[in-house]
Amino acid sequence: MQIELVPVIEEQREILAHLIELYEYDFSEYENSDVNSYGLYGYSYLDYYWTEKNRYAYFIKVDGKLAGFVMICGFCYVSKTKDTLFMSEFFVMKKYRKMGVGFFAACEALKKHPGKWELTVHTNNPISHCFWKKVVETVSHDSFQIIEEVEGVYDDALATAYVFEVIPMTIDRFWQDFLEKTGKSADTTYLECFHFELTEKWANELLRLVLIGQKRATASSLKAFEIQGERTPQKGDYSIVTDWDGNPRCVIETTNVTILPFNEITYDICKREGEDDNLESWRKGHTNFFTNEGKELGYEFSEDMLVVFEDFEVVYTEAL
């Protein structure tokens with residue numbers, strides 16, 4: 001499953017408008033709203049997302065299909081600080097809920113715009129409270145303010161507001177947080193800091209699979225280690241996994257390392273990578289990856305080339 005945030009261009013206005021109707025229908029459970037004479041809820045601020053500063057709209061896509069949207073603006077109900085952003089609308093279609101899509105999309109949207117933030121939650125929506133509290137704890141590193149009984153957000157109820165700041169996490173700070181929160185010795189080091197794959201789309205998707213526990217292993221070319229003068233991982237090593245932009249997202253610990261020819265890898269082995277449903281799919285994807293990597297590093301893929309298959313477990317994330 002690949003999750004993307006794709007900016008909504010003005011030519012896609014009507015597509016977003018259709019999705020907003022689904023969102024408004026869902027939210028009518030909490031707000032006493034009605035459709036107009038055309039059978040529509042409507043959204044009076046929609047056009048401003050292409051004409052005003054500090055307004056951003058993104059489609060949430062899963063495997064290339066529309067799964068929801070994120071809308072951000074600069075109007076806040078509590079914060080008076082200049083350039084504070086507000087999570088104005090957020091929607092994930094029911095088919096894609098309880099799969100980690102919403103959490104991933106919310107965190108990614110907030111991290112795309114570092115700085116001061118505000119978001120509000122309807123008091124009668126406890127599921128939303130739990131969801132957004134987890135998101136805010138993650139992106140603010142547990143530094144946020146909750147303000148109750150905020151007026152003017154909803155017609156029929158007071159709101160709860162979260163006020164926080166999204167500060168890009170440095171590698172050093174992330175590692176120090178890991179050492180402190182897990183009680184590791186101050187002289188503990190990590191083997192490498194890296195992101196998966198060679199493209200932004202797949203780097204972030206494989207990271208998501210790691211964070212939800214689906215991906216528990218990774219395969220690398222032994223030649224790549226040799227060419228770059230790097231040692232292969234060993235049991236007990238720690239590594240920091242980042243997103244494509246270099247933001248640290250988790251620490252993994254190597255639990256086992258097996259070196260074997262590419263053509264001897266079985267599905268019982270490769271399924272621990274959590275990316276493919278069968279051996280043929282794994283072989284096709286990794287043949288493509290190793291071929292492209294080989295062109296960059298100066299080696300040639302072959303069926304009998306040695307692969308370093310590393311099993312790992314996540315021992316620390318931002319939310320820990």
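In this predicted model, lysine 271 and aspartate 268 pair through their side chains in a salt bridge, with an N to O distance of 3.6 Å. Lysine 271 counts as partly exposed because its relative accessibility is 42%. Aspartate 268, at 53% relative accessibility, passes the 50% mark and therefore counts as exposed.

A second pair, glutamate 273 with lysine 215, offers a buried counterpart. The side chains of these two residues form a salt bridge at 3.1 Å, N to O. Glutamate 273 sits in the loop between α7 (267-270) and α8 (279-297), while lysine 215 belongs to the loop between α5 (200-211) and β9 (217-221), so the bridge ties together parts that are 58 residues apart in sequence. Both partners are well under the 20% limit for burial: glutamate 273 has a relative accessibility of 1%, and lysine 215 has one of 2%.

Arginine 55 and glutamate 52 form another such bridge, and their closest N and O atoms are 2.9 Å apart. Here the two ends fall into separate accessibility classes. Arginine 55 counts as buried because its relative accessibility is 15%, whereas glutamate 52, at 38%, counts as partly exposed. Salt bridges also join into a network that links Arg13, Glu14 and Asp47. Over the whole structure, the search finds 15 salt bridges.

It is worth pausing on a charged residue that lacks such a partner. Glutamate 310, in strand β12 (residues 306-317), is buried but has no salt bridge. The nearest side chain of opposite charge is that of arginine 231, 8.7 Å away, and this separation lies beyond the 4 Å cut-off, so the two do not count as a salt bridge. What glutamate 310 does have is a polar contact of 2.5 Å between its side chain and that of threonine 254. Leaving aside residues up to four places away in sequence, the neighbours that glutamate 310 touches are Arg216, Ala217, Thr218, Pro233, Thr254 and Asn256. Threonine 254 thus appears both as the polar partner and in the contact list.

Burial can also be followed along a whole element. Helix α2, which spans residues 101-111, is mostly covered, with ten of its eleven residues buried. Charged side chains are included in this set, among them Glu108 and Lys111. The other buried positions of α2 are Val101, Gly102, Phe104, Ala105, Ala106, Cys107, Ala109 and Leu110.

Conventions
Residues numbered from 1 in each chain as written. Predicted model: local features only at pLDDT ≥ 70, side-chain atom pairs only at ≥ 80, totals over all residues. Heavy atoms only, no water. Helix = DSSP H or I, 4+ residues; strand = E, 2+ residues; numbered from the N terminus. Buried < 20%, exposed > 50% of the residue type's maximum accessible area, 1.4 Å probe, protein only. Polar contact = N/O pair within 3.5 Å; in protein donor to acceptor, adjacent residues only side chain to side chain. Contact = heavy atoms within 4.5 Å.
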